[in-house]
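Let's take a walk through a protein model together, starting at its ligand and then moving out to the contacts between side chains. Keep the 3D view open as you read.

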Amino acid sequence: MRTLEELEAKLAEPSKALVEDMKSIDGDIMLLGVGGKMGPSLAKLAMNAIKEAGVSKRVIGVSRFSEAGLREQLEAEGVETIACDLLDDEQLQKLPEVENVIYMAGTKFGTYGKEYFTWAMNSYLPGRVAEKYKNARIVAFSTGNVYPFMPLAYGGAVETTPPAPIGEYGSSCLGRERVFEYFSRKYDTPLAIYRLNYAIDLRYGVLLEIAKSVRAQKPISLAMGHVNCIWQGDANEIAIRALKVCSNPVNVLNVTGPETISVRWLAQEFGRRFGVEPVFEGEESPNALLNNASKANQLFGYPKVSLLQMIDWMTEWLEADGATINKPTHFQERAGKY
Ligand SMILES: NC(=O)c1ccc[n+]([C@@H]2O[C@H](COP(=O)([O-])OP(=O)(O)OC[C@H]3O[C@@H](n4cnc5c(N)ncnc54)[C@H](OP(=O)(O)O)[C@@H]3O)[C@@H](O)[C@H]2O)c1
């Protein structure tokens, strides 16, 4: 895995299960907030699954399209696009009706000092969207940050673990969930809440950050000594397939890889591949932000891309000077300030 073309093709490769599900997902699919790290590859994956399924269905990507060229790129793949600032209610109300909505818009970084905006984006806007799309089924992206840190011995938070977010970002995301749920109950809108812990591709994410630090011999903090992650292609598959399990009452799903990954082990794996000794700072804490995705694994199967495969691809990518997106995850953050 060395070129952007290879990476994009891999991310957009649908599984047989997704193709099968696509045959029975009724109606068009709208992705709100398509312009971010995950949306473009999700849109292309959905298009490929539709083609392979031999069904007729539109994928409509909605975003402000602040990244130049993205709109054209998506249109070239057959994705319809609509430029819209969702926070502008007039623009929101003009969007077409659809049967399926995957809600990906949100904000995280820059919350500290601008908390009011984070709450408007993450907790108020979901209410506007839930009213507008009360007749659709909705998969709403959320985050593992709604949970408290879990002791390492517990195997990660499950969907019934009481939420206890640390800091205003996580709290605003819990607000998003509760507001979607309120309108789901009010209008009988089928809803799935998709609590994601760190999707990665080779251009961004926890693995890239650790690999880069190992290679540059920069100290790696062990304070958040354990993490979860999932290949973005697998995470995107689950988001689309979750349209089939939306319900009222809401269906909550943790989405991540099956491992509780030790940051120390991960750095050592990269160290062996790069031929350097990782530099560590501090010691592992007795708890961490950890999710248990057993429920999603039972529903959809285990992710197709394994952790060691991701590590190998990441190594090749860095050795080939592959493109990266400068959007650090701040996975080390323990005070909830983003
Ligand atoms: N990636 C992860 O590992 C991860 C982990 C946990 C949770 N999540 C959540 O999952 C969702 C998708 O992840 P992501 O990484 O793709 O997020 P992201 O990179 O933040 O993308 C979200 C996109 O939404 C669009 N958007 C923001 N404000 C908007 C507005 N007012 N109107 C229209 N579009 C707007 C933006 O694109 P434009 O600038 O083009 O409008 C933005 O790039 C996010 O809500 C994120 O918080 C992601």
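What follows covers the ligand's surroundings, then the salt bridges, then the aromatic pairs.

First, some ground rules: this is a predicted model, so local features need pLDDT of at least 70 and side-chain atom pairs count only at pLDDT 80 or more, while totals for chains, interfaces and linings use all residues. Residues are numbered from 1 along each chain as its sequence is written, and side-chain values use heavy atoms, with hydrogens and water left out.

## Around the ligand

Which residues sit closest to the ligand? They are Met-38, Arg-64, Ser-66, Asp-85 and Ala-199, out of 26 residues that surround it. A residue is counted here if one of its heavy atoms lies within 4 Å of the molecule. Sorted by class, that shell has 14 nonpolar, 8 polar and 4 charged residues. For this sorting, Ala, Val, Leu, Ile, Met, Phe, Trp, Tyr, Cys and Pro are nonpolar, Asp, Glu, Lys and Arg are charged, and the others, Gly among them, are polar.

Now zoom in on the ligand's oxygen atoms. One ligand oxygen is 2.8 Å from an N or O atom in the side chain of Arg-64. A polar side-chain atom of Ser-63 lies 3.3 Å from a ligand oxygen, and for Gly-36 it is a polar backbone atom that sits 3.3 Å from an oxygen of the ligand. These are polar contacts (a pair of N or O atoms within 3.5 Å; within protein, one must be able to donate a hydrogen and the other to accept it, and residues adjacent in sequence count only if both atoms are side-chain atoms).

How much of the ligand does the protein cover? On its own the ligand has 870 Å² of accessible area, and the protein covers 90% of that. Such areas come from the Shrake-Rupley method with a 1.4 Å probe; for residues, only the protein chains shown count as cover.

Strand S5 (137–143) and helix H7 (168–187) are the elements that give two or more residues to the shell, and S5 supplies the largest share, with 3 residues. Helices (H or I, at least four residues) and strands (E, at least two) are DSSP runs, numbered from the N terminus.

## Salt bridges

Side chains of opposite charge can pair when their charged atoms come close. This structure holds 17 salt bridges, each being a side-chain nitrogen of Lys or Arg within 4 Å of a carboxyl oxygen of Asp or Glu. Here are some to look up:

| Pair | N to O distance |
|---|---|
| Arg-58 and Glu-80 | 3.1 Å |
| Arg-128 and Asp-89 | 2.9 Å |
| Arg-264 and Glu-284 | 2.9 Å |

Arg-264 lies in helix H10 (residues 263–274) and Glu-284 in the loop between strands S14 (280–281) and S15 (287–288), so this pair ties together parts that are 20 residues apart in sequence. Are these two residues buried or exposed? In between, as it turns out: Arg-264 is partly exposed at 30% relative accessibility, and Glu-284 is partly exposed at 27%. The cut-offs are under 20% relative accessible area for buried and over 50% for exposed, with partly exposed in between (1.4 Å probe, protein chains only).

The partners in the other two pairs are also partly exposed: Arg-58 has 34% and Glu-80 has 32%, while Arg-128 has 22% and Asp-89 has 28%.

Salt bridges can also join up: Glu-8, Lys-44, Asp-201 and Arg-203 are linked in a network of them.

## Aromatic pairs

A pair of aromatic rings is described by the distance of the centres and the angle of the planes. There are 8 such pairs here. In one, the rings of Tyr-103 and Phe-180 have centres 5.2 Å apart and planes at 70°, so the pair is edge-to-face. Tyr-103 lies in strand S4 (residues 100–103) and Phe-180 in helix H7, so the pair ties together parts 77 residues apart in sequence. Tyr-103 is buried at 0% relative accessibility, and Phe-180 is buried at 1%.

For another arrangement, try Phe-183 and Tyr-187: their centres are 6.1 Å apart and their planes at 15°, so this pair is stacked. Both lie in helix H7, 4 residues apart, about one turn of the helix. Phe-183 is buried, with 10% relative accessible area, whereas Tyr-187 is partly exposed with 26%.

The rule behind these names is that rings of Phe, Tyr and Trp (its six-membered ring) pair if their centres lie within 6.5 Å; planes under 30 degrees apart count as stacked, over 60 as edge-to-face and the rest as tilted.

Finally, find Phe-109, Tyr-169 and Tyr-338, which form one aromatic cluster.
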